[in-house]
Every structure is written in structure tokens, then in C-alpha cells.
Amino acid sequence: MILVTGGAGFIGANFVLDWLSLCDEPVINLDKLTYAGNLETLSSLKGDVRHIFIEGDIGDRALISGLLQQYQPRAVINFAAESHVDRSIHGPEAFIQTNVTGTFQLLDAVKQYWIGLDVAGRNSFRFLHVSTDEVYGSLSSSAPAFTEEHKYEPNSPYSASKAASDHLVRAYHHTYGLPVLTTNCSNNYGPYHFPEKLIPLMIVNALAGKDLPVYGDGQQIRDWLYVKDHCAAIRSVLAAGRVGETYNVGGWNEKANIDIVKTVCALLDELHPRSDAASYAAQIKFVADRPGHDRRYAIDAGKIERELGWRPVETFETGIRKTVAWYLQNQVWVQNVQTGAYRQWVSKNYTDRSE
Ligand code: NAD
Ligand code: TYD
């Protein structure tokens, strides 16, 4: 079996759902259920003996060691993290706690477990760390996309904490021989994405008749990848990635934020027109920029294609259409994640952003 951390969050839950739809290898799913973790996303697995959910913290050394001894997984995939840049600006401490200290405790517990395995078990074991392209910092408009050799230049408390975790993972391979793999992926989108991030926030606000807050001039560029393509990339790296290597994962799909928002509006105009027949684009509002906002990220995903044959299946056009349709069909899921804590966050992040 495999142990997944953060499997009640956006990417982790998509990974668990896809994994169990493709094979019968059981998954132990350890998640702290922070505001971003949602068991409703996993409700289709209720009663499924292949899915063992444990509520807990990756920083809880005793819990992790106990789970490893009890279940003897052949691999650990670490999705658990604090993941939202804006939250890291308002409250960086939780990011250090989970992304740095938590990853360290998890790694160290895994190392102790791995040392105790027999030779065959040690050789086949993998620790796969799921990370982000944001560790590489910001690119100018003409610079080539990030390769795995690009130097680390994180600019936000979030990306700095992820960079620190990547370094710890690397060190545990270099120093102790732990068989690690790291993936650095660009911005994901798709079903079960918490509506604090750009694409789901825009869909949810548009439908609620609210402003669509675009930071600064909206010309910041991100590479976007459909979440299920990311899950497939992780499966490929787990199965055949070279131990100790990092793999950049991306959609070959750079877009300016304002173009993403306009695309979402156009799809909503088509699939769920406003009652007054005006475009949802009328709700776009330019607001104060994010402090230290990275201008451009771009991923060169050539290495994972050359070595492992992975390429995204979805184009942005097919993926964003599926995503908008999913949010239209799953408004109960959206309502249920918009708890009091969600509303407090929205008020904290958006109240003082004058135009
Ligand atoms: P998310 O915020 O949606 O989910 C994170 C999950 O981790 C939640 O279920 C949360 O409850 C859990 N968690 C948080 N702290 C924990 C702790 N201390 N112990 C156990 N569980 C804890 O994040 P996501 O978007 O699904 O991202 C998953 C991983 O992928 C993260 O490591 C993130 O850095 C990375 N990543 C995300 C993106 C993206 O676009 N979302 C892109 C590249 C990489
Ligand atoms: P986000 O989804 O937070 O991902 P990340 O910061 O990890 O790339 O934001 C994506 C882009 O959208 C980023 O450039 C910030 C911008 N953005 C807005 O313009 N308005 C918003 O309300 C949010 C949440 C993000």
C-alpha cells in the first residue's frame, strides 16, 4: 500500500480518487483537515476498504512512526502543505510549521522506517515530495521557462517554505540515501479546488454576482495544468522516476491572469448566462496588487516527457470547460466549503484592496 499525506485537499484528493479508480492498491490517507481539507471530496470512498483515512499532522512524529510500522507502505507521497500565497503573506508561521517543520518530521520518521526494511524493501521504497514551480522565483517576459537546473529564488513565505522542504528532501537523499523523488509543478486547476485560488474564486464570485478581483494589472503570467494531468505525472514519477531526481511538471500553457478570468467569464456566459444577459466580464474589478507578486512562471516539462513519456492530455480549452461545468454541477460542494472561516478569510484578504 501507499501512504498519502494531504489527501483531503485539492490535488491530494484528486490523486486518491484517480488512484483507486485505476488500481486496487490501498491508500492510507493522512490529513490534518485544515480549512483546505474536506472529507466530502472523498465521500464516494465511504465504506471502501482500500481507503484508510487518518486525521493527523505530518509534524506528529509518533503518529507517523506508528502508521509506518502498522501499515508498512511501499511509498509515501507528500501533498500536505499550507498552499495559498496570500495566506502566507497574512500569516507565514503556519507555513513554516507545516511545510518546513512538518516535512522534516515526516522525512525523519520515514528515514527511520526505511532503515529498518530488508534490502529489497529499501531498494523499492520511494518518498515522493510534491512541490511547486514557485520555488524558482519570477521570470522576465522573455526568459526561458524553468528547467530543473534553474536556481531557487523563492519570493513569498509560501514559496520559501516549499523551497526549504525541497532542500530537506534532497539532503535526506544525499546524506542518508533515502530514495526520494521531487516534482515541481505549475498552477493546477480542476474539480474540488478550494475557492480561495484564482479560477474557482472567479467562478464562485461570478455566480454570486460579486466582483471578480484581479490583482494589479492582471498581466502576471502562470502556467496552468489540469489537476488530473498532474496526478498522472505523479504516478509516472513514482513508477519510473530516477531516485534523487526532480521533475518539472507543467501544461505548456502560459496565460495572463486577466485572460484566464475573461475565459472563465465567456464560458459562464455560454453555460449559465446572467439573468440580465450581460457578460460576467462586467464584474471584473482591478484591485490592489499582492505584495511581492511574482510576474511570470513558466515550466519546461521536457525532462519528464523525455524520461518518462508523460505529457498533459488536456488542453487549456478542454480542461477549463470541464472545470467550469464541474463547478456549475457541484454548487452544494462549494456551499459546504464556504464556512464561517472561509468568509472571514475573504473579508481579511479583499476588504482593503482599493482599486
Ligand atoms: P490544498 O491547500 O488544497 O490541500 C492541502 C491539504 O493538506 C489539505 O487537505 C490540508 O488539510 C492538508 N494539511 C495541511 N497541513 C497539514 C499537516 N500539517 N498535516 C497533514 N495534513 C495537512 O493544497 P493543494 O493545492 O492540494 O496542494 C497540494 C500540494 O501540491 C502542496 O504541497 C502544494 O505546495 C503543491 N502544489 C500545488 C499546486 C497548486 O496549483 N495547487 C501547484 C504545485 C504544487
Ligand atoms: P493563486 O490561485 O493564488 O495561485 P499562485 O499565487 O500560487 O500562482 O493565484 C494565481 C494568480 O492569480 C496569481 O498571479 C495571483 C492572481 N490572483 C488574482 O488576481 N486575484 C485573486 O483574487 C487571486 C486569489 C489571485
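**Notebook: helix packing and a cavity**

I began with helix α4 (residues 93–115) and helix α6 (residues 157–176), whose axes come within 8 Å and cross at roughly 15 degrees. Because angles under 35 degrees count as roughly parallel, I entered α4 as roughly parallel to α6. I noted the crossing of α4 past α6 as right-handed. I should record here that the model is a predicted one.

I then listed who makes this contact: on the α4 side I found F95, I96, N99, V100, T103, F104, L107, D108, K111 and W114, and on the α6 side Y158, S161, K162, A164, S165, L168, V169, Y172 and Y176. Sorted by class, the contact of α4 with α6 holds 12 nonpolar, 4 polar and 3 charged residues.

Next I looked up helix α1 (residues 10–22) against helix α8 (residues 227–240), and found them packed at an angle of about 65 degrees with axes 9 Å apart. Since the range from 65 to 115 degrees counts as roughly perpendicular, I wrote α1 down as roughly perpendicular to α8. The crossing of α1 past α8 is right-handed.

For this pair I noted F10, I11, N14, F15, D18, W19 and L22 from α1, which meet V227, K228, H230, C231, I234, R235 and L238 from α8. The class count for the contact of α1 with α8 is 9 nonpolar, 2 polar and 3 charged residues.

The third pair I examined was helix α7 (residues 198–207) with helix α9 (residues 257–271), where the axes come within 10 Å and cross at roughly 45 degrees. That angle makes α7 oblique to α9, and I recorded a right-handed crossing for α7 past α9.

In this contact α7 supplies L198, I199, M202, I203, A206 and L207, while α9 supplies N257, I260, V261, V264 and L268. I counted 10 nonpolar residues and 1 polar residue in the contact of α7 with α9, and no charged ones.

Finally I turned to enclosed space, and the search gave 2 cavities of 30 Å³ or more. I looked into the second largest cavity, which contains about 50 Å³ of space. Its lining, as I listed it, consists of Y189, W224, L225, Y226, D229, G251, N253, P312, E314, T315 and F316. Strand β9 (residues 221–226) gives the most to this lining of the second largest cavity, with 3 residues. By class I entered the lining of the second largest cavity as 6 nonpolar, 3 polar and 2 charged residues.

Note on methods: Residues are numbered from 1 along each chain as its sequence is written. Chains are lettered from A and ligands numbered from 1 in the order in which they are written. This is a predicted model: local features need pLDDT of at least 70, side-chain atom pairs count only at pLDDT 80 or more; totals for chains, interfaces and linings use all residues. Side-chain values use heavy atoms; hydrogens and water are left out. Axes are lines fitted to C-alpha atoms, for helices over the stretch in contact, and angles run from 0 to 180 degrees between N-to-C directions. Helices (H or I, at least four residues) and strands (E, at least two) are DSSP runs, numbered from the N terminus. Angles under 35 degrees count as roughly parallel, over 145 as roughly antiparallel, 65 to 115 as roughly perpendicular and the rest as oblique. A crossing is left-handed if the near helix is turned anticlockwise from the far one by less than a right angle, and right-handed if clockwise. Contact means heavy atoms within 4.5 Å. Ala, Val, Leu, Ile, Met, Phe, Trp, Tyr, Cys and Pro count as nonpolar, Asp, Glu, Lys and Arg as charged, and the others, Gly among them, as polar. On a 1 Å grid over the protein atoms alone, a cavity is a set of points where a 1.4 Å probe fits but cannot get out, and a pocket is an open set with protein on both sides within 12 Å along at least five of seven lines; lining residues have an atom within 4 Å of a point. Grid points are joined across faces, edges and corners, and a volume is the space filled by probe spheres set on the points.
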